[in-house]
Amino acid sequence: MKPETWVIVAGRPEAVPGATLNTPVMPASTYVLGSERIYSRNESTEGWEAFEAMLGGLEGGGAVAFSSGMAACAAVLSQLPTGAHLVLVEDCYQGVAAIAEAGERTHGWRVERLAASDEGWSARASEADMLWLESPSNPLLELADLAGICAAPRRSGTRVVVDNTFATPLLQRPLELGADIVVHSVTKLIGGHSDLLLGAAVASDREEVARLRAIRGRDGATPGMLECFLALRGARTLPLRLRQAQSSARQLAERLEAHPAVGRVRYPGFGTIISFELGDAAAADRACGATRIIRHATSLGGVETSMERRSVHPGQEHIPPGLIRLSVGCEHLDDLWRDLDAALSDEA
Ligand SMILES: *Cc1c(COP(=O)(O)O)cnc(C)c1O
């Protein structure tokens, strides 16, 4: 089945007369004893499972939903032992970097940072306990050779983790390339409407999936009932949203390249995120404050286009000060360009 069809048919109740077409939001903490469902933190709910079935099918593994993208990342990282060697992509999500720094302080982890495009990743697969990749990376949008890294000889027990938030499983399926775990901030493109926080980890190995589920039950980073419902509803239009936003992103990247006020433009050729540079931080702040349709906001992946200067965030000192990350949404390209062009015109 094609992904466009799968996101529509997955996670629905059995089609019997009188059944609802959608898995309803069913608030439940506990169940009448006598079945496999005992307490929802441990044994899950039908609503979580409907969302997980959809995402697992898209990524080609078993999905475990968490309360946020960071909760999913934390559950994966919590498996690293004392003294572990963790290799992280240089411009990785700040929350992941913060967990890694805490691990250095309290668990004696050795954390190494490599640029996504660094040639050294494959060699680390035979040394490190975990490789943590984001491709495209955030916000420099560098690509890692995921196929090459996943195929490199690996020490037994070494896990390759890919944060697939930016690409989505429609553009990149890391488990097929040989990655062990994929993590998502479902908050972003999969949810798609900037109205929920949700995360997921997906693995092809059944034991890995069971372990992640057990960690969720143990630590209690459980997804919300409503959030899973909304994320599944959002995912039903992910292919349509992605097609529209990616088509606009390609054209906006070209037009930004040609704009006299704009320096370097980074766009990996796919996806909905563009990073472009203005002369300095003040110019970037003026542009972010001057748009009328495009929202000045952090985060990404919603139907609404948004942008922000990335170096405002702590820990982003390596990011060029005038770099703006633009998350392209589903508005008409003409309106987006008119808005951007007007906001940039004072800078030219
Ligand atoms: C937002 C984000 C996260 C964290 O997800 P939350 O849902 O905000 O907890 C992790 N990785 C990437 C790439 C993200 O963009």
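## Sheet

In this predicted model, an open sheet is built from 7 strands, ordered β1-β7-β6-β5-β4-β2-β3, with mixed pairing. Its edge strands are β1 (62-66) and β3 (110-114), each of which pairs on one side only. From one strand to the next, the twist averages 20°.

At the β1 edge, β1 runs antiparallel to strand β7 (residues 199-203), and 5 bridges join the two. G62 has A203 in β7 as its bridge partner.

## Helices on the sheet

Helix α3 (residues 46-59) packs on the sheet and touches β1, β6 (181-185) and β7. The direction of α3 makes about 130° with that of β1.

Helix α5 (residues 94-107) also packs on the sheet, where β2 (85-89), β3 and β4 (130-134) are the strands touched. Between the directions of α5 and β2 the angle is about 155°.

## Surroundings of S135

S135 lies in the loop between β4 and α7 (146-151). Its relative accessible area is 2%, under the 20% cut-off, so S135 counts as buried.

Beyond the neighbours within four places in sequence, S135 is in contact with E142, L143, A144, L146, D163, A167 and Q172. With one of these, A144, the side chain of S135 reaches the backbone nitrogen at 2.9 Å.

L300 is separated from S135 by 165 residues in sequence; the C-alpha atoms of S135 and L300 are 15 Å apart in space.

Note on methods:
Residues numbered from 1 in each chain as written. Predicted model: local features only at pLDDT ≥ 70, side-chain atom pairs only at ≥ 80, totals over all residues. Heavy atoms only, no water. Pairing = 2+ DSSP bridges. Helix = DSSP H or I, 4+ residues; strand = E, 2+ residues; numbered from the N terminus. Axes fitted to C-alpha atoms, helices over the stretch in contact; angles between N-to-C directions. Contact = heavy atoms within 4.5 Å. Buried < 20%, exposed > 50% of the residue type's maximum accessible area, 1.4 Å probe, protein only. Polar contact = N/O pair within 3.5 Å; in protein donor to acceptor, adjacent residues only side chain to side chain.
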